[in-house]
Amino acid sequence: MTLPFSDIAPLDKSVPGVQPIEALILPRLPVLYAKRAARLRMLAEHNGAYLEFLASLVEAQKFWLEQHPITPEQAMPVTALMGAGALAPVKPTQQLLATTPYWHAAFKHFVHTLAPLVSEHVASKLEAAVHDTPEQLAAKAAALFNQDYAAVDAGVAVLLWAALSVYWAQAVALVGVQKHTAQAHNEASCPCCGAPPVGGLVLTGDREGLRYLQCSLCETRWHAVRATCVVCHATQHIDYWTFEKTDAPIQIETCGDCHSYLKIFRQDRDPQQDALADDLVSQTLDEALEAQGFARAGINPFSFPS
Ligand SMILES: [Zn+2]
Ligand SMILES: [Zn+2]
């Protein structure tokens, strides 16, 4: 079955026999951005101006991708971090972040495009960051990589990560890791870039029922066996939580052993879901689980923890 609007390419049916489960799935980035922006606009009708703003940001990412596709030379610093072919990512140094002008330029473009859409107060912080030196931008990016979110203004952080993301996603795609057929990676960090996941996806279509985690930085999805904790790998005390009916499209998987939780987006129940967008409109679920002492495995780069 081919879905009408999915950034995940259907399986190649010309290959005979049962195909192995892919360890990694790379998105079709222009489709991913188009779908995410459309989803944000739809959800914004009932959820306010911030989602409209994010839709414009994702459209700016798509525009940047189309106008300034990365060259192999520009990608080299990131692809070098991946070594021979993913699964052993190394965090970028501040030096690397200072000497990769591709994402600096993307960030500045995002500020120019989006500053007119926000309050004067937020716009002034964004515009101040445009005048940062490469070293200052790198210091802020390094703080985000180190999950020191308090060190960066919240509005600047969202645009910085969007710029880093459009850079990393293209660089990872250039390495061609979609050919990788290693085993499942039941870990709470991306095998291509080391960033935390946004959450889990249960896929539909050709890959009905398989669970992948979605990277918050490079947009890669990595296969993780269901009903197994991605933080401590336990299987004994996994529970599922929803607010509404039991077949709700968003559920939370908790681990009673390490008290972590993962938000899961059931694309088999609603294929139009986008993890980043739908997470923002289901945060009462997070609050309920956090009140019970569970800690989220993963982040949403549209809403960094404060
Ligand atoms: Zn990644
Ligand atoms: Zn656990």
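The four donor atoms around the zinc ion (ligand 1) subtend angles of 95 to 120 degrees, and the arrangement is therefore tetrahedral. The model in which this site appears is a predicted one. A second zinc ion (ligand 2) also sits in a tetrahedral site, where the angles among its four donor atoms run from 105 to 113 degrees. Beyond the metal sites, the structure holds four cavities of 30 Å³ or more, and its second largest pocket has a volume of about 310 Å³.

**Zinc ion (ligand 1)**

- The protein donors of the zinc ion (ligand 1) are the SG atoms of Cys-190, Cys-193, Cys-215 and Cys-218, which lie 2.3 Å from the metal.
- Along the sequence, the donor residues of the zinc ion (ligand 1) are spaced C-x2-C-x21-C-x2-C.
- Cys-190 counts as buried because its relative accessibility is 1%, below the limit of 20%, and Cys-193, with a relative accessible area of 6%, is likewise buried.

**Zinc ion (ligand 2)**

- The zinc ion (ligand 2) takes its protein donors from Cys-229, Cys-232, Cys-255 and Cys-258, in each case through SG, at 2.3 to 2.4 Å.
- The donors of the zinc ion (ligand 2) follow the spacing C-x2-C-x22-C-x2-C along the chain, and the pair Cys-232 and Cys-255 links distant parts of that chain, the two residues being 23 apart.
- Within this pair, Cys-232 belongs to the loop between β4 (221–223) and β5 (238–241), whereas Cys-255 is in strand β6 (residues 250–255).
- The accessibility of the two residues places them in separate classes, since Cys-232 is partly exposed at 32% relative accessibility, while Cys-255 is buried at 2%.

**Second largest cavity**

- The second largest cavity has a volume of about 80 Å³, and its lining is made up of Arg-36, Gln-61, Val-158, Trp-161, Ala-162, Ser-165, Ser-216, Glu-219, Leu-276, Pro-301 and Phe-302.
- By residue type, the lining of the second largest cavity divides into six nonpolar, three polar and two charged residues.
- Helix α8 (residues 154–175) gives the most to the lining of this cavity, with four residues.
- Domain 1 (25–176) and domain 2 (197–296) each supply at least three residues to the lining of the second largest cavity.

**Second largest pocket**

- The second largest pocket, with its volume of about 310 Å³, is lined by 20 residues, of which Tyr-50, Ala-154, Gly-155, Val-158 and Phe-302 are the closest to its centre.
- The elements that give two or more residues to the lining of this pocket are α2 (49–67), α6 (120–130) and α8, and α8 gives the most, with four residues.
- The lining of the second largest pocket comprises 16 nonpolar residues, three polar ones and one charged one.
- Val-158 and Phe-302 are named both in the lining of the second largest cavity and among the residues closest to the centre of the second largest pocket.

**Backbone with positive phi**

- Most residues other than glycine have a negative phi.
- Gln-147, although not a glycine, has a positive phi of about 60 degrees; Gln-147 is found in the loop between α7 (134–145) and α8 and is partly exposed, with a relative accessible area of 46%.
- Glu-219, also not a glycine, has a positive phi of about 70 degrees; Glu-219 is placed in the loop between β3 (211–215) and β4 and is buried, at 3% relative accessibility.
- Glu-219 is also one of the residues that line the second largest cavity.

Conventions:
Residues are numbered from 1 along each chain as its sequence is written. Chains are lettered from A and ligands numbered from 1 in the order in which they are written. This is a predicted model: local features need pLDDT of at least 70, side-chain atom pairs count only at pLDDT 80 or more; totals for chains, interfaces and linings use all residues. Side-chain values use heavy atoms; hydrogens and water are left out. Donors are N, O and S atoms within 2.8 Å of the metal (3.2 Å for Na, K and Ca); water is not among the atoms, so sites may look incomplete. Four donors count as tetrahedral if all angles lie between 85 and 135 degrees; four count as square planar and six as octahedral if opposite donors are over 155 degrees apart and all others between 65 and 115; anything else is irregular. Buried means under 20% relative accessible area, exposed over 50%, partly exposed in between (1.4 Å probe, protein chains only). On a 1 Å grid over the protein atoms alone, a cavity is a set of points where a 1.4 Å probe fits but cannot get out, and a pocket is an open set with protein on both sides within 12 Å along at least five of seven lines; lining residues have an atom within 4 Å of a point. Grid points are joined across faces, edges and corners, and a volume is the space filled by probe spheres set on the points. Ala, Val, Leu, Ile, Met, Phe, Trp, Tyr, Cys and Pro count as nonpolar, Asp, Glu, Lys and Arg as charged, and the others, Gly among them, as polar. Domain bounds come from an automatic or database domain assignment.
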